[in-house]
Amino acid sequence: MKAVVVDRFGPLEQLRVAELPDPTPGPGEVVLDVHAAGVNYPDALMVQGQYQIKPPLPFTPGAEAAGIVSAVGEGVRHLKVGDHAATFTGTGAFAEKLLAPAAQVTPLPPGFSFDIAASLTLAYGTSYHALVNRAQLQAGETLLVLGAAGGVGLAAVMIGKALGARVIAAASSEEKLALTRQHGADETINYASEDLRARLKELTGGQGPNVVYDPVGGDYTEAAFRSVAWGGRYLVVGFANGEIPRLPLNLPLLKGASLVGVFWGEFARRDPRANVANLTQLARWVGDGTIRPVISERYTLEQAPEALRALLERRVTGKVTLVP
Ligand SMILES: NC(=O)c1ccc[n+]([C@@H]2O[C@H](COP(=O)([O-])OP(=O)(O)OC[C@H]3O[C@@H](n4cnc5c(N)ncnc54)[C@H](OP(=O)(O)O)[C@@H]3O)[C@@H](O)[C@H]2O)c1
């Protein structure tokens, strides 16, 4: 099979596509013929050795995939050859075939898109966990989403609307903001050209948002935190901007506000049942059209560096996938 290989941590350009032996499933494992692999910001960090998890070298990147089960190991009951399924493995998905523990492989309903199934777990799983489990966002509350046209950001816009919140989307271009409006954003702020704090004041009648979803970091964080409503919840999701911000601790005190950490991977490891319940709700919303995940581009395995580069250069809207 063909697979993307990382021989040493470093620039994206060192990724190569190699011919590797086809995997064989052991007891409790299955092999998935990959039809789509989700591309996520953490993949780009991992390849460069900048992620909190450093897999042993060499390794194949790619955290999640969807495809068709092509081999089943001993003792696997809920899957058979030919089933359509999706999985989250953390690594290995940028390949024609992916070996996965059967317990981490979920069968897909008939007709469910491979692209969407391969994009749902990490980005949508993170945003659902953040807004529901961590922030306990309530219908009628105001939610501010930074980086709102990106992978986790656009997911947060859609999930926020599905939960009945008023959603303010902030992003760096008019094209990105138009996409957020198509997916339910009530108001938008172009934080590249407008003053984030002044616009938030204007849009919320001086009250500020109840919940802030921040996957960006950098200078936006303090500005957004200073705008938060009394009793607000500030979700720390990521630092796509590259800079981990520091916050004066008098700010949460003055607002009676909470700074809330979000780490979906650890949540899913510690509480797999709650994670499955979240993903089941997301799949239901995809099925009934409540949320419409956006796949803006598809790349081949050979184009893996290009796909990851597009994320790092802020060019991606919604999600992109690799299609072997
Ligand atoms: N905590 C968790 O469990 C968890 C789970 C998944 C992902 N994450 C983190 O969440 C962040 C976003 O991930 P993603 O997959 O949604 O990425 P993404 O699709 O690339 O979205 C990131 C957004 O951040 C904004 N941004 C601002 N400055 C940027 C810069 N210098 N480079 C790149 N983007 C920049 C961009 O929007 P504008 O151009 O509009 O500013 C972009 O749309 C990453 O830091 C990732 O590691 C955390």
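This note describes the nonpolar cores and the ligand surroundings of a predicted model.

1. Basis. Residues are numbered from 1 along each chain as its sequence is written, and side-chain values use heavy atoms, with hydrogens and water left out. Because the model is predicted, local features need pLDDT of at least 70 and side-chain atom pairs count only at pLDDT 80 or more, while totals for chains, interfaces and linings use all residues.

2. Main core. The largest nonpolar core (buried Ala, Val, Leu, Ile, Met, Phe, Trp, Tyr and Cys residues joined through side-chain atoms within 4.5 Å; buried means under 20% relative accessible area, 1.4 Å probe, protein chains only) has 43 residues. Tyr-124, Leu-131, Leu-143, Val-145, Tyr-213, Leu-235 and Leu-282 touch the most other members. Elements giving two or more residues include α2 (114-134), β8 (142-145) and α9 (272-287) (helices, H or I, have at least four residues and strands, E, at least two, as DSSP runs numbered from the N terminus). The largest share, 10 residues, comes from α2.

3. One core member. Beyond its neighbours within four places in sequence, Leu-235 is in contact (heavy atoms within 4.5 Å) with residues including Ala-130, Leu-131, Tyr-213 and Val-262.

4. Ligand shell. The ligand is surrounded by 24 residues (each with a heavy atom within 4 Å of it). The closest are Gly-151, Ser-172, Lys-176, Tyr-191 and Arg-314. At least two shell residues come from each of α1 (41-47), α3 and α10 (304-312).

5. Polar contacts (pairs of N or O atoms within 3.5 Å). Oxygen atoms of the ligand lie 2.6 Å from a polar side-chain atom of Ser-172 and 2.5 Å from a side-chain N or O atom of Tyr-191.

Methods: Buried means under 20% relative accessible area, exposed over 50%, partly exposed in between (1.4 Å probe, protein chains only). A polar contact is a pair of N or O atoms within 3.5 Å; within protein, one must be able to donate a hydrogen and the other to accept it, and residues adjacent in sequence count only if both atoms are side-chain atoms.
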